[in-house]
Amino acid sequence: MSLGSKETRKRKRTVLARSGRQPRKPRFAHAARPRIERDQFVQSRAEAEAAIADARRSHERLRQAVDLLPQGIVILDPEGRYVLWNKQYAEIYSKTADLFQEGARLEDTLRVGVARGDYPEAEGHEDEWIAARLKKLYEPGKRHEQTLSDGRVILIEERRTDDGGVVGLRVDITELKQREASFRLLFDGNPVPMIVCALDDERILGVNDAAIAHYGYGRAEFERLKIRSLQAFDSEPPWTKDRSSEEQAARTWKHVKADGALIDLAIYSRELVYHERPAVLLALMDITERKRAEARLAFMAQHDGLTGLPNRNLLRQTMDEMLLHSRRSPEKVAVLMLGLDNFKAVNDTLGHAVGDKLLRGVAKRLRSTLREEDALARLNSDEFAIVQSGLTRPEDAVGLAKRLLEAIADPYLLDGHSVVIGASIGIAMAPGDGDESEKLLKSAGMALSRAKLDSRGSFAFFEAALDAKAQGRRKIEVELRDAIQHDVLRPYYQPLIDLSSGRITGFEALVRWPHAERGMVSPAEFIPVAEETGLINPLGGLMLRRACLDAVTWPDDVSVAVNLSPLQFRSGNLLSMVTDALKHSGLSPRRLELEITETLLLEKSAQVLATLHALRALGVRISMDDFGTGYSSLSYLRSFPFDKIKIDQSFVRDLGANREAQAIIRSIVSLGKGLGVIITAEGVETEAELSCLRAEGCDEGQGFLFSKARPNAEIISLLAAQRGIDGDAALVA
Ligand code: C2E
Ligand code: MG
Ligand code: MG
């Protein structure tokens, strides 16, 4: 209770009585006194009473004033007795408030409070606690905290007054303390590593358990470090860069753990005051794995998974940089495109695992042949590209090409197999063959195709003519596709003449393409394009159907010969294509001849032979076309029972004048006789050739001397003419 209660007033009277200031009854009531003395007494008494009233008023004012303060206030006299306390003080110590009275000693109220358990901090060592508390009371200056039994925390600040007493201030900081505790809990128990770091000297002031576990430092060691000593590279701590911007609160940082491992961190920072020091709270999210995964993905997007070499994308970037650099200097850049020869055969015969190992081996050898600054990439399954800069002459690229071919050529020992693989190289140079990466790669690719055609295991430079040719081929492809779709292609027929009777035995169907702008386009021009692009299959089918349909209209003893490309044997449906054409036209199989070339038998494929046998079993006849131009291995003749051999026109040319040619014809004719095979001579142009062929006993002839290839309409009249005239005179002049 504060001043003014009944007891207080009673006690005050007692105090005043003891001090002798209380008006007493006169000892000599009736004794005469000098009047002046009495007057003086009355006066001073009145003065004293006025002073007391004054003091009481100011005491009352002071009491009212201190009651207004939000903090608890207590004033003690030099002996530690209560003089004044306000309402807040009494509320803070509501449990002990019944003990407060003016003149009561703080020490006594403390003692009673401790005994009642109002001060849990004192438990077990009550006397020491009270002594320590009183010591603080008389040596004030430092703030301290006190916990009460109801859990509240009170901040105490005390000052000595001039008269030796004490003025004490009490602030209830329970809520603040609770906030602090929950922050502590959030900090200590947080699974995210957290560090509190001083802003001024960057010293680490506190770390949580997660930080200790993550970094591997002991707490004491950790809290002796400066934040910079965690950094992998010396740089300004990220929070210092732009403290004002909230969005910048999250940044990345590279740290070193106690074991030396590097980690990437995303940092969230917030400034705060920690133990009265301006500090920053850092939450450190370890993003090392994420960064690694990102880096892995970025690597995979730009590299070949098998060899680890850059892929086309990355090579183009590197090339663009090299080209940019070379533009400012007289130096040249060379692009060498290297293709492995017959890599498919390795895969097919030894399996993909060995194929993969071979590619890795090749990549390794290429890399070790190159300088550090040369770029190497894998473009597709069996093609690599090498980019060399700083060249002065194209010959410099030749040197490298030779070294690369040599490096590759040595055998590779793979899973117990000794594998040998060759390669061809196409070279394009900048400036000249293209100024940007894609064009250069294309040029090098064209040069590579050329190198492979020339002879495998060689290299070739890009030539502008190659490019023009390639573009011409592309044009043909587009137009040919269109011509097939619109059924523009037609067979023309060239007769085959029995040389002994001079009669037409049959016709060879030769494809003709009447082109709106270019007139009749030669098959020599578009058959290779059709073979490259797969258009040979629809084209071949079309020719077969047409030829059969036309041939049914001819006399029964006249056959038709259709050329087949080796590629048609790969498509798998050749047999059904032939049976369909026969069925659809109603032509007898024995009137159909199919012409194949030696290249078909080059691969010695069981599937090809099976198809040939199946065709022959249908009753269809099989001819070997252009005999003598290919590998002319006699084993081909043994591998399949051909019905006819067509000697290539190059042997027929100049037959009269050339003894060697004549000897060759003679031996082929006798070979045919031995095998029971019809021998046909192609490209017969002159009478001399014809008489020579006749003399050698050649069975059949075909050539401009008899007739060029003609449309079907003309064939019918040609055959009618043959029927009308005497056999001998038919077509032979
Ligand atoms: P090939 O099968 O050897 O056909 C003979 C070629 O020689 C024809 O050329 C023919 O016109 C030509 N020729 C015939 N007699 C003479 C002559 O006395 N002197 C000269 N210099 N040449 C003569 P064409 O029609 O240009 O055909 C060229 C080649 O194109 C053919 O050679 C054949 O391999 C191919 N071919 C033609 N049509 C087809 C077809 O429908 N399918 C396939 N796959 N290839 C075809
Ligand atoms: Mg032919
Ligand atoms: Mg031929």
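Which residues coordinate the magnesium ion (ligand 3)? I looked this up before anything else. The magnesium ion (ligand 3) has as donors Asp625 (OD), Asp626 (OD), Glu682 (OE) and Glu682 (OE), at 2.0 to 2.6 Å. I took donors as N, O and S atoms within 2.8 Å of the metal (3.2 Å for Na, K and Ca); water is not among the atoms, so sites may look incomplete.

**Basis of the entries**

I note that this is a predicted model, in which local features need pLDDT of at least 70 and side-chain atom pairs count only at pLDDT 80 or more, while totals for chains, interfaces and linings use all residues. Residues are numbered from 1 along each chain as its sequence is written, chains are lettered from A and ligands numbered from 1 in the order in which they are written, and side-chain values use heavy atoms, with hydrogens and water left out.

**Entry: confidence**

I read pLDDT as the predictor's confidence in each residue, from 0 to 100. The chain has a mean pLDDT of 87, and 92% of its residues reach 70 or more. Among the elements of the chain, strand β21 (residues 559–563) has the highest mean pLDDT (98) and helix α1 (residues 6–18) the lowest (41). Elements here are DSSP runs numbered from the N terminus: helices are H or I with at least four residues, strands E with at least two.

Over residues 1–29 the pLDDT stays under 50, and the model has 22 contacts for them beyond four places in sequence. Residues 726–733 also have a pLDDT below 50, with 19 contacts in the model beyond near neighbours in sequence. A contact means heavy atoms within 4.5 Å.

**Entry: the magnesium ion (ligand 3)**

I traced the donors of this ion along the chain and found the spacing D-D-x55-E. Asp625 lies in strand β23 (residues 621–627) and Glu682 in the loop between β25 (678–681) and α25 (687–696), so the pair ties together parts that are 57 residues apart in sequence. I then checked burial, where buried means under 20% relative accessible area, exposed over 50% and partly exposed in between (1.4 Å probe, protein chains only). Asp625 counts as buried because its relative accessibility is 6%. Glu682 is likewise buried, at 8% relative accessibility.

**Entry: the magnesium ion (ligand 2)**

For the magnesium ion (ligand 2), I found the protein donors Glu508 (OE), Asn563 (OD1), Glu595 (OE) and Asp625 (OD), at 2.0 to 2.2 Å from the ion. Their spacing along the chain is E-x54-N-x31-E-x29-D. Glu508 belongs to strand β19 (residues 504–515) and Glu595 to strand β22 (residues 592–596), so this pair ties together parts 87 residues apart in sequence. Both Glu508 and Glu595 are buried. Asp625 bridges the magnesium ion (ligand 2) and the magnesium ion (ligand 3), which lie 4.0 Å apart.

**Entry: ligand 1**

I counted a residue as near a molecule if one of its heavy atoms lies within 4 Å of it. Ligand 1 has 21 residues around it, of which Gln494, Arg512, Asp625, Glu685 and Phe704 come nearest. For polar contacts I used pairs of N or O atoms within 3.5 Å; within protein, one must be able to donate a hydrogen and the other to accept it, and residues adjacent in sequence count only if both atoms are side-chain atoms. Two metal donors reappear here: a polar side-chain atom of Asp625 lies 2.8 Å from an oxygen atom of ligand 1, and one of Glu508 lies 2.9 Å from an oxygen atom of ligand 1. A polar backbone atom of Val511 is 3.1 Å from a nitrogen atom of ligand 1.

**Entry: Thr288**

Thr288 lies in helix α9 (residues 288–302). With 8% relative accessibility, Thr288 counts as buried. Leaving aside neighbours within four places in sequence, I found Thr288 in contact with Leu262, Ile263 and Asp264. A polar atom of the Thr288 side chain lies 3.0 Å from the backbone nitrogen of Asp264.

**Entry: backbone geometry**

I found a cis peptide bond between Ala430 and Pro431, with omega about 0 degrees. Pro431 is in the loop between β16 (422–430) and α14 (437–454).

His275 has a positive phi of about 45 degrees although it is not a glycine. Its loop runs between β9 (262–274) and β10 (277–286), and His275 counts as exposed at 65% relative accessibility.
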